[in-house]
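Work through these exercises with the model open. Each task is followed by a stepwise solution.

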Amino acid sequence: IPVFSILIYGCKKDWLEAKPNTSLVVPETVKDYQALLDNNDIFNTNEPSLGLIAGDQFNLTSSTWQSVSLQTFKYAFIWADDTYNGEEGNSGWQRSYSKILYANIVLEGIRKLADRSATTEALNNVKGSALFFRAYEFYNLSQLFCKTYNPSTAGSDLGLPLRLSPDINIPSVRSSLQQTYDQIILDLEAAGDLLPVSPVISTRPSKQAAKALLARIYLSMERYPEALELADEALGISNELTDFRNLNSGSSLPFPNVQAGNKEVIFYAQMQGNSMFRSPRLIVDSGLYAMYDSNDLRKAIFFSGSGSTKNFKGYYTGSTNHFAGLAVDEMYLIRAECSARAGNINAAMQDLNFLLQSRYDSSFVPLTAATPEDALALVLKERKKELLFRGIRWSDLRRLNKDDRFKETLHRAINNENYFLLPGDPRYTFLIPPEIIRLGDLEQNPR
């Protein structure tokens, strides 16, 4: 089996500043392409973190903020109109499009490959995995660089450049937002038909992962019946939760790492790192911390620190890298929310209480709701408390800000200056990196 030498290097003339050099070694078999997809450093790391930085889960002191060296992250924290401040390469755009490029290389390669030794199962896994990875990156980018999905305007709202070929000579054009979501869903439905039900290892996509990601996507589109159906199908494959009573709350890293295996993880990915995320720099929002009851085991398992300054330690990666993948707990919360929105109080509360009984000590009393609205409010509260520091909250803020019952105004204070992000603000859509706009002659997001 040849060793791959598909290299990424800077190239200011192409569409994403990353051009592959395939002249050294060309994959010759399906097994070779599987080896490329199993490169975790490419496909399972460096998911965009701008949404976490700009969200409402943590704060920084003025001195910490002042010391942040990466301008893009520093100014995203205060929702600046231009977060880049002349800096290039740290928005997550380039890394995600590099992954999309690799996925397209695989899809194009296996289409042309005449590998008589490959089984149908192996070929399907490679194709399905590449489609999944492409969809995953398109979706993550859409939550940062496109407007919140609205079915009445999605046909005219700006979407992403849908790169579906490895040919870098094809000009980039921004699709509509509807076309972007349609392509993501098309890729995932095709992937789900090809992938195995469960993965060999959690860094590989699976049928369950495709369903789980579709459930997340339909939730962000407010297509709640479809989100419920897909979450239900994902849970039908595996639905086991970790009993937090069996975790060591005194540990600095209470969850198992990817090698040991976290049974709740459906698909493993981790976020782009940054020094501002590290304890004790990252200070958990005091209002968020106050939401946890004294008998809620997450209070000691998710957080550390003394006094009013709390740090986060509940990484589902089992390391100090933030989890950016898919997990069983999220599926229970999606199914519960969609049940509440459909008026099915019993189903919503059954799922919510099943989740919470694994998060509380033995004194837990199941929650009750008198109306669908009460059930929905309880589910959304627990969603905020459960899915911490995974990059999910930003998408939730964008979606829920359209509803007067749940919209929030975000506030931060740095160097005696107050900064606010109002519901529906154009800054919920980040600017595309200026160098990408310039090189690709793309239309920029409004300010």
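**Exercise 1.** Against which helices do the buried residues of helix 1 pack?

Solution. This is a predicted model.
- Step 1: find the buried residues, taking buried as under 20% relative accessible area. In helix 1 they are Val-30, Asp-32, Tyr-33, Gln-34, Leu-36 and Leu-37.
- Step 2: look for their neighbours. These residues pack against helix 2 (40-43), helix 6 (93-112) and helix 7.
- Step 3: conclude. Six of the eight residues of helix 1 are buried, so this helix is largely enclosed by the rest of the structure.

**Exercise 2.** Describe how helix 1 (residues 30-37) and helix 7 (residues 120-145) cross, and list the residues that meet.

Solution.
- Step 1: geometry. The two axes come within 9 Å and cross at roughly 35°. The crossing is left-handed.
- Step 2: contacts. Helix 1 brings Val-30, Tyr-33, Gln-34 and Leu-37. Helix 7 answers with Ala-122, Leu-123, Asn-125, Val-126, Ser-129, Ala-130 and Phe-133.
- Step 3: character. The contact residues comprise eight nonpolar, three polar and no charged.

**Exercise 3.** Which side chains of strand 11 (residues 410-414) are buried, and how does this strand pair with strand 12?

Solution.
- Step 1: faces. Leu-410, Arg-412 and Ile-414 point to one face and are buried. His-411 and Ala-413 point to the other face and are not buried.
- Step 2: pairing. Strand 11 and strand 12 (residues 417-421) run antiparallel, joined by five bridges. Arg-412 has Tyr-419 as its bridge partner.
- Step 3: the turn. Two residues lie between the strands of this hairpin, and Asn-415 takes a positive phi near 50°.

Terms used
Residues numbered from 1 in each chain as written. Predicted model: local features only at pLDDT ≥ 70, side-chain atom pairs only at ≥ 80, totals over all residues. Heavy atoms only, no water. Axes fitted to C-alpha atoms, helices over the stretch in contact; angles between N-to-C directions. Helix = DSSP H or I, 4+ residues; strand = E, 2+ residues; numbered from the N terminus. Left-handed = near helix turned anticlockwise from the far one by under 90°. Contact = heavy atoms within 4.5 Å. Nonpolar A, V, L, I, M, F, W, Y, C, P; charged D, E, K, R; others polar. Buried < 20%, exposed > 50% of the residue type's maximum accessible area, 1.4 Å probe, protein only. Pairing = 2+ DSSP bridges.
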